[in-house]
Amino acid sequence: MSILVTGGTGFVGSKLVHRLDDCVITSRNAENAKSKFGTEVTSAIQWDYEQGQLVFPAGLQLESVVNLMGEPIGEGRWTTQKKKRIKESRVKGTEQLVKAILQMPQKPEVVVSASAVGIYGHCGEEIVDENTPANSDFLANVCTAWENATIPLKEAGVRVVLLRIGVVLGKDGGALAKLLPVFRKGAGGRLGSGKQYVPWIHIDDLVGMILWAIQNQEIEGPVNGTAPNPVRNSEMTKAIAAAVRRPALLPVPKYVLRSLLGEFADSLFASQRVVPEVAFRRGYQFKFPNIQVALNNIVNS
Ligand SMILES: NC(=O)c1ccc[n+]([C@@H]2O[C@H](COP(=O)([O-])OP(=O)(O)OC[C@H]3O[C@@H](n4cnc5c(N)ncnc54)[C@H](OP(=O)(O)O)[C@@H]3O)[C@@H](O)[C@H]2O)c1
(Lines give C-alpha, C1' and ligand atoms only; values in the text may rest on other atoms or scores of the structure.)
Protein backbone atom coordinates (compact mmCIF):
# COMPACT_ATOMS: atom_id res chain seq x y z
CA MET A 1 0.00 0.00 0.00
CA SER A 2 1.14 3.53 -0.78
CA ILE A 3 1.70 6.72 1.20
CA LEU A 4 0.08 9.78 -0.39
CA VAL A 5 1.85 13.14 -0.01
CA THR A 6 0.18 16.43 -0.95
CA GLY A 7 2.70 19.26 -1.46
CA GLY A 8 5.26 16.54 -2.21
CA THR A 9 7.14 18.81 -4.62
CA GLY A 10 7.83 21.36 -1.85
CA PHE A 11 10.77 21.88 0.52
CA VAL A 12 9.58 19.44 3.20
CA GLY A 13 7.66 17.13 0.85
CA SER A 14 10.67 16.48 -1.41
CA LYS A 15 12.78 15.39 1.57
CA LEU A 16 9.97 13.13 2.76
CA VAL A 17 9.46 11.55 -0.68
CA HIS A 18 13.15 10.50 -0.71
CA ARG A 19 12.51 8.49 2.49
CA LEU A 20 9.43 6.60 1.22
CA ASP A 21 9.31 3.33 -0.71
CA ASP A 22 5.88 3.48 -2.31
CA CYS A 23 4.87 7.11 -2.61
CA VAL A 24 2.03 8.74 -4.54
CA ILE A 25 1.96 12.54 -4.71
CA THR A 26 -0.57 15.14 -5.76
CA SER A 27 0.52 18.25 -7.62
CA ARG A 28 -0.95 21.13 -9.59
CA ASN A 29 1.48 20.00 -12.29
CA ALA A 30 1.67 16.21 -12.09
CA GLU A 31 3.80 15.88 -15.24
CA ASN A 32 6.54 18.14 -13.82
CA ALA A 33 6.30 16.41 -10.46
CA LYS A 34 6.71 12.97 -12.03
CA SER A 35 9.76 14.06 -14.00
CA LYS A 36 11.26 15.71 -10.87
CA PHE A 37 11.16 12.43 -8.94
CA GLY A 38 11.27 9.79 -11.70
CA THR A 39 10.88 6.30 -10.25
CA GLU A 40 11.02 7.65 -6.68
CA VAL A 41 7.26 8.21 -6.88
CA THR A 42 4.86 5.48 -7.93
CA SER A 43 2.50 8.03 -9.48
CA ALA A 44 1.64 11.71 -9.47
CA ILE A 45 -2.04 12.71 -9.37
CA GLN A 46 -3.05 15.94 -11.10
CA TRP A 47 -5.00 18.09 -8.63
CA ASP A 48 -5.50 21.81 -8.15
CA TYR A 49 -8.06 22.61 -5.44
CA GLU A 50 -9.05 25.72 -7.41
CA GLN A 51 -10.00 23.57 -10.41
CA GLY A 52 -12.27 21.19 -8.51
CA GLN A 53 -12.49 18.04 -6.49
CA LEU A 54 -9.68 15.58 -5.97
CA VAL A 55 -10.42 12.25 -7.68
CA PHE A 56 -8.30 9.25 -6.73
CA PRO A 57 -7.52 6.65 -9.41
CA ALA A 58 -9.72 3.55 -9.09
CA GLY A 59 -8.13 0.85 -6.95
CA LEU A 60 -5.73 3.22 -5.13
CA GLN A 61 -5.01 1.84 -1.66
CA LEU A 62 -3.43 4.14 0.87
CA GLU A 63 -1.74 3.15 4.10
CA SER A 64 -1.35 6.80 5.16
CA VAL A 65 -1.59 10.38 3.92
CA VAL A 66 0.72 13.33 4.63
CA ASN A 67 -0.88 16.69 3.84
CA LEU A 68 1.73 19.40 3.21
CA MET A 69 0.37 21.61 0.45
CA GLY A 70 -0.21 25.33 0.79
CA GLU A 71 0.55 28.71 -0.76
CA PRO A 72 3.99 29.83 0.53
CA ILE A 73 3.73 32.15 3.54
CA GLY A 74 7.16 33.77 3.36
CA GLU A 75 7.22 34.71 -0.33
CA GLY A 76 5.70 37.93 -1.67
CA ARG A 77 3.73 40.66 0.09
CA TRP A 78 0.58 39.74 1.93
CA THR A 79 -1.94 41.44 -0.35
CA THR A 80 -5.63 40.66 0.12
CA GLN A 81 -5.38 38.13 -2.74
CA LYS A 82 -2.25 36.51 -1.26
CA LYS A 83 -3.89 36.17 2.17
CA LYS A 84 -6.93 34.58 0.51
CA ARG A 85 -4.65 32.05 -1.25
CA ILE A 86 -2.72 31.35 1.98
CA LYS A 87 -5.98 30.48 3.70
CA GLU A 88 -7.94 28.78 0.92
CA SER A 89 -5.10 26.59 -0.37
CA ARG A 90 -4.89 25.09 3.12
CA VAL A 91 -8.53 25.06 4.23
CA LYS A 92 -10.36 24.36 0.95
CA GLY A 93 -7.48 22.11 -0.16
CA THR A 94 -7.71 20.05 3.04
CA GLU A 95 -11.52 19.93 2.82
CA GLN A 96 -11.29 18.47 -0.71
CA LEU A 97 -8.61 15.99 0.38
CA VAL A 98 -10.76 14.88 3.34
CA LYS A 99 -13.80 14.45 1.10
CA ALA A 100 -11.83 12.26 -1.31
CA ILE A 101 -10.46 10.13 1.55
CA LEU A 102 -13.92 9.65 3.05
CA GLN A 103 -15.15 8.31 -0.30
CA MET A 104 -12.50 5.56 -0.37
CA PRO A 105 -13.84 2.03 0.25
CA GLN A 106 -10.82 1.40 2.49
CA LYS A 107 -9.58 4.49 4.32
CA PRO A 108 -5.95 5.07 5.33
CA GLU A 109 -5.08 4.32 8.96
CA VAL A 110 -3.56 7.76 9.56
CA VAL A 111 -3.49 11.26 8.10
CA VAL A 112 -0.62 13.51 9.20
CA SER A 113 -1.80 17.02 8.34
CA ALA A 114 0.49 20.02 8.51
CA SER A 115 -0.36 22.97 10.69
CA ALA A 116 2.02 25.57 12.10
CA VAL A 117 3.22 27.08 15.37
CA GLY A 118 1.59 30.23 13.99
CA ILE A 119 -1.51 28.89 15.75
CA TYR A 120 -0.05 30.15 19.07
CA GLY A 121 0.57 33.73 17.87
CA HIS A 122 2.96 35.96 19.84
CA CYS A 123 3.57 34.45 23.30
CA GLY A 124 6.51 36.46 24.67
CA GLU A 125 8.43 34.52 27.35
CA GLU A 126 5.63 32.01 28.01
CA ILE A 127 6.48 28.34 27.40
CA VAL A 128 4.06 26.98 24.82
CA ASP A 129 3.03 23.33 24.42
CA GLU A 130 0.23 21.54 22.58
CA ASN A 131 -2.27 22.48 25.34
CA THR A 132 -1.75 26.23 24.85
CA PRO A 133 -4.93 27.70 23.32
CA ALA A 134 -4.96 29.07 19.77
CA ASN A 135 -4.44 32.80 19.25
CA SER A 136 -6.68 34.94 17.01
CA ASP A 137 -4.39 36.80 14.59
CA PHE A 138 -4.43 36.06 10.83
CA LEU A 139 -2.02 33.07 10.86
CA ALA A 140 -3.58 31.62 14.00
CA ASN A 141 -7.03 31.78 12.39
CA VAL A 142 -5.68 30.11 9.23
CA CYS A 143 -4.13 27.30 11.32
CA THR A 144 -7.30 26.77 13.36
CA ALA A 145 -9.45 26.50 10.21
CA TRP A 146 -6.80 24.26 8.57
CA GLU A 147 -6.82 21.89 11.56
CA ASN A 148 -10.63 21.96 11.81
CA ALA A 149 -10.92 20.87 8.17
CA THR A 150 -9.70 17.42 9.30
CA ILE A 151 -12.48 16.91 11.89
CA PRO A 152 -14.66 14.73 9.54
CA LEU A 153 -11.73 12.29 9.25
CA LYS A 154 -11.52 11.92 13.02
CA GLU A 155 -15.28 11.44 13.15
CA ALA A 156 -14.92 8.65 10.57
CA GLY A 157 -12.37 6.84 12.77
CA VAL A 158 -9.21 7.85 10.92
CA ARG A 159 -6.27 8.70 13.19
CA VAL A 160 -5.32 12.34 12.59
CA VAL A 161 -2.01 13.92 13.62
CA LEU A 162 -1.89 17.72 13.42
CA LEU A 163 1.77 18.59 13.05
CA ARG A 164 2.28 22.18 14.21
CA ILE A 165 5.47 22.87 12.30
CA GLY A 166 8.04 25.43 13.46
CA VAL A 167 10.69 27.25 11.41
CA VAL A 168 12.16 24.44 9.31
CA LEU A 169 15.93 24.71 8.84
CA GLY A 170 17.38 23.15 5.70
CA LYS A 171 19.57 24.03 2.77
CA ASP A 172 17.02 23.77 -0.01
CA GLY A 173 14.18 26.00 1.13
CA GLY A 174 12.41 27.87 3.91
CA ALA A 175 13.81 30.86 5.79
CA LEU A 176 17.40 29.62 6.13
CA ALA A 177 17.95 29.23 2.38
CA LYS A 178 17.14 32.96 2.08
CA LEU A 179 19.28 33.96 5.07
CA LEU A 180 22.46 32.03 4.28
CA PRO A 181 23.58 34.19 1.29
CA VAL A 182 23.07 37.33 3.41
CA PHE A 183 25.08 35.90 6.33
CA ARG A 184 27.81 34.65 3.95
CA LYS A 185 28.28 38.29 2.86
CA GLY A 186 28.69 39.27 6.53
CA ALA A 187 25.44 41.27 6.30
CA GLY A 188 23.35 39.14 8.69
CA GLY A 189 22.04 40.47 11.96
CA ARG A 190 19.50 39.91 14.68
CA LEU A 191 15.94 41.08 14.08
CA GLY A 192 15.07 44.02 16.31
CA SER A 193 16.03 43.31 19.94
CA GLY A 194 16.65 39.66 19.03
CA LYS A 195 14.90 38.61 22.25
CA GLN A 196 12.03 36.83 20.47
CA TYR A 197 12.08 33.02 20.68
CA VAL A 198 12.33 31.08 17.40
CA PRO A 199 10.69 27.62 17.35
CA TRP A 200 13.14 26.01 14.91
CA ILE A 201 13.53 22.38 13.72
CA HIS A 202 16.13 20.69 11.49
CA ILE A 203 14.43 19.34 8.36
CA ASP A 204 15.73 15.81 9.04
CA ASP A 205 13.97 15.85 12.42
CA LEU A 206 10.74 17.14 10.88
CA VAL A 207 10.76 14.32 8.31
CA GLY A 208 11.71 11.93 11.13
CA MET A 209 8.72 13.13 13.16
CA ILE A 210 6.35 12.60 10.23
CA LEU A 211 7.55 8.99 9.84
CA TRP A 212 7.41 8.48 13.64
CA ALA A 213 3.83 9.83 13.73
CA ILE A 214 2.80 7.46 10.91
CA GLN A 215 4.34 4.44 12.63
CA ASN A 216 3.14 5.03 16.21
CA GLN A 217 -0.56 4.38 16.63
CA GLU A 218 -0.74 6.15 19.98
CA ILE A 219 0.16 9.53 18.41
CA GLU A 220 -2.96 11.56 17.66
CA GLY A 221 -4.06 15.20 17.67
CA PRO A 222 -1.76 18.24 17.89
CA VAL A 223 2.00 17.56 17.91
CA ASN A 224 4.50 20.42 17.94
CA GLY A 225 7.03 19.90 15.14
CA THR A 226 9.82 21.85 16.81
CA ALA A 227 13.22 21.12 18.38
CA PRO A 228 13.41 20.67 22.17
CA ASN A 229 15.39 23.89 22.61
CA PRO A 230 13.81 27.01 21.12
CA VAL A 231 16.39 29.82 21.02
CA ARG A 232 16.18 33.58 20.95
CA ASN A 233 16.60 35.22 17.55
CA SER A 234 19.93 36.71 18.77
CA GLU A 235 21.23 33.19 19.60
CA MET A 236 20.11 31.86 16.24
CA THR A 237 21.80 34.82 14.52
CA LYS A 238 25.09 34.04 16.32
CA ALA A 239 24.75 30.35 15.43
CA ILE A 240 24.19 31.05 11.71
CA ALA A 241 27.14 33.49 11.69
CA ALA A 242 29.36 30.90 13.42
CA ALA A 243 28.29 28.18 10.98
CA VAL A 244 29.28 30.31 7.96
CA ARG A 245 32.29 31.78 9.85
CA ARG A 246 31.29 35.40 9.24
CA PRO A 247 30.39 38.20 11.68
CA ALA A 248 26.75 39.28 12.17
CA LEU A 249 26.95 42.77 13.54
CA LEU A 250 24.08 44.87 12.24
CA PRO A 251 20.66 44.47 13.84
CA VAL A 252 17.74 44.81 11.40
CA PRO A 253 15.11 47.22 12.77
CA LYS A 254 11.48 46.17 12.59
CA TYR A 255 10.40 49.21 10.54
CA VAL A 256 12.89 48.28 7.79
CA LEU A 257 11.50 44.74 7.44
CA ARG A 258 7.94 46.09 7.70
CA SER A 259 8.60 48.43 4.77
CA LEU A 260 10.28 45.64 2.75
CA LEU A 261 7.98 42.72 3.54
CA GLY A 262 4.72 44.28 4.74
CA GLU A 263 2.50 42.43 7.24
CA PHE A 264 4.51 39.18 6.97
CA ALA A 265 7.38 40.94 8.79
CA ASP A 266 5.32 40.94 12.01
CA SER A 267 5.53 37.14 12.19
CA LEU A 268 9.35 37.37 12.23
CA PHE A 269 9.16 39.40 15.43
CA ALA A 270 6.62 37.18 17.19
CA SER A 271 8.16 35.30 20.13
CA GLN A 272 7.20 31.63 20.29
CA ARG A 273 8.89 29.57 23.01
CA VAL A 274 7.36 26.34 21.74
CA VAL A 275 8.31 22.96 23.24
CA PRO A 276 7.47 19.57 21.68
CA GLU A 277 5.73 18.11 24.74
CA VAL A 278 4.05 15.23 22.87
CA ALA A 279 7.35 14.25 21.22
CA PHE A 280 9.03 14.23 24.68
CA ARG A 281 6.24 12.19 26.24
CA ARG A 282 6.02 9.69 23.38
CA GLY A 283 9.77 9.31 23.03
CA TYR A 284 10.75 10.85 19.69
CA GLN A 285 14.57 10.86 19.56
CA PHE A 286 15.77 14.17 18.10
CA LYS A 287 18.87 13.95 15.90
CA PHE A 288 19.44 17.70 16.20
CA PRO A 289 18.35 19.12 19.58
CA ASN A 290 21.12 21.78 19.52
CA ILE A 291 20.92 24.81 17.21
CA GLN A 292 24.66 25.13 16.52
CA VAL A 293 25.03 21.44 15.70
CA ALA A 294 21.95 21.64 13.44
CA LEU A 295 23.24 24.68 11.56
CA ASN A 296 26.78 23.30 11.20
CA ASN A 297 25.28 20.11 9.76
CA ILE A 298 23.17 22.05 7.23
CA VAL A 299 25.90 24.46 6.18
CA ASN A 300 28.56 21.74 5.82
CA SER A 301 26.42 19.04 4.21
N1 LIG B 1 8.90 25.41 5.78
C2 LIG B 1 8.59 25.88 6.98
O3 LIG B 1 9.42 26.47 7.70
C4 LIG B 1 7.19 25.66 7.52
C5 LIG B 1 6.85 26.15 8.79
C6 LIG B 1 5.58 25.96 9.28
C7 LIG B 1 4.63 25.29 8.52
N8 LIG B 1 4.97 24.82 7.30
C9 LIG B 1 3.92 24.16 6.49
O10 LIG B 1 4.35 22.90 6.05
C11 LIG B 1 3.86 22.65 4.72
C12 LIG B 1 5.04 22.28 3.84
O13 LIG B 1 5.98 23.36 3.88
P14 LIG B 1 7.03 23.60 2.70
O15 LIG B 1 8.01 24.58 3.20
O16 LIG B 1 7.50 22.29 2.17
O17 LIG B 1 6.09 24.28 1.59
P18 LIG B 1 6.46 24.62 0.07
O19 LIG B 1 7.87 24.30 -0.26
O20 LIG B 1 6.01 26.02 -0.16
O21 LIG B 1 5.60 23.54 -0.73
C22 LIG B 1 4.22 23.42 -0.61
C23 LIG B 1 3.65 22.75 -1.85
O24 LIG B 1 2.28 23.14 -1.89
C25 LIG B 1 1.87 23.32 -3.23
N26 LIG B 1 1.29 24.68 -3.36
C27 LIG B 1 1.94 25.87 -3.34
N28 LIG B 1 1.07 26.89 -3.51
C29 LIG B 1 -0.14 26.32 -3.64
C30 LIG B 1 -1.44 26.85 -3.87
N31 LIG B 1 -1.68 28.16 -3.98
N32 LIG B 1 -2.47 25.96 -3.95
C33 LIG B 1 -2.26 24.63 -3.84
N34 LIG B 1 -1.06 24.08 -3.65
C35 LIG B 1 -0.01 24.91 -3.54
C36 LIG B 1 3.08 23.17 -4.15
O37 LIG B 1 2.97 21.93 -4.84
P38 LIG B 1 2.63 21.85 -6.43
O39 LIG B 1 3.22 23.06 -7.06
O40 LIG B 1 3.29 20.57 -6.86
O41 LIG B 1 1.15 21.80 -6.52
C42 LIG B 1 4.25 23.17 -3.17
O43 LIG B 1 5.27 22.27 -3.57
C44 LIG B 1 3.16 23.93 4.25
O45 LIG B 1 1.78 23.77 4.38
C46 LIG B 1 3.65 24.98 5.23
O47 LIG B 1 2.71 26.00 5.51
C48 LIG B 1 6.22 24.99 6.76
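In what sense, and over how many bridges, do β7 and strand β11 (residues 221-225) pair? In this predicted model, the two strands pair in the parallel sense, and five bridges hold the register between β7 and β11. One of these positions can be followed in the structure at Arg164, whose bridge partner in β11 is Asn224.

Before following β7 further, it helps to look at the chain as a whole. The protein chain contains 12 helices and 13 strands. Its radius of gyration is 19 Å, close to the 19 Å that the globule rule gives for 301 residues, so the protein chain is as compact as a globular protein of that length. Taken along the principal axes, the C-alpha atoms occupy a box of roughly 60 × 40 × 40 Å, and 51% of the 301 residues count as buried.

Strand β7, which runs through residues 159-165, is mostly covered, since seven of its seven residues are buried. In a regular strand the side chains alternate between the two faces of the sheet. In β7, Arg159, Val161, Leu163 and Ile165 point one way, whereas Val160, Leu162 and Arg164 point the other way, and all of these residues are buried. Besides its pairing with β11, β7 also pairs in the parallel sense with strand β5 (residues 110-116), here over seven bridges. Within that pairing, Ser113 stands opposite Leu162 of β7.

Strand β5 is itself mostly covered, with six of its seven residues buried, and β5 pairs in the parallel sense with β4 over four bridges. Val65 stands opposite Val111 of β5, which gives the reader a position from which to trace this pairing. The strand β4 spans residues 62-67 and includes Asn67.

Is Asn67 buried or exposed? Asn67 has a relative accessible area of 1%, and because the cut-off for a buried residue is under 20%, Asn67 counts as buried. The side chain of Asn67 takes part in polar contacts with two other side chains: one contact, of 3.0 Å, joins Asn67 to Thr94, and another, also listed at 3.0 Å, joins Asn67 to Ser113. Ser113 is thus a residue to look at from two directions, as Ser113 stands opposite Leu162 in β7 and its side chain makes a polar contact with that of Asn67.

The ligand brings several of these elements together. Its shell draws at least two residues from each of α1 (11-18), α3 (80-102), β5 and β8 (167-169). Of the 22 residues around the ligand, Thr9, Val12, Ser27, Glu71 and Arg90 come nearest, and the residues of the shell divide into 11 nonpolar, eight polar and three charged.

Which residues place polar atoms close to oxygen atoms of the ligand can be read from individual distances. A polar backbone atom of Phe11 is 2.9 Å from an oxygen atom of the ligand, while for Arg28 a polar side-chain atom lies 2.9 Å from a ligand oxygen atom. A backbone N or O atom of Val168 lies 3.0 Å from an oxygen atom of the ligand. On its own the ligand has 880 Å² of accessible area, and the protein covers 82% of this area.

Key: Residues numbered from 1 in each chain as written. Predicted model: local features only at pLDDT ≥ 70, side-chain atom pairs only at ≥ 80, totals over all residues. Heavy atoms only, no water. Buried < 20%, exposed > 50% of the residue type's maximum accessible area, 1.4 Å probe, protein only. Pairing = 2+ DSSP bridges. Near = heavy atom within 4 Å. Polar contact = N/O pair within 3.5 Å; in protein donor to acceptor, adjacent residues only side chain to side chain. Areas by Shrake-Rupley, 256 points an atom, 1.4 Å probe, with all protein chains shown as cover. Nonpolar A, V, L, I, M, F, W, Y, C, P; charged D, E, K, R; others polar. Rg over C-alpha atoms; globule rule 2.2 N^0.38 Å.
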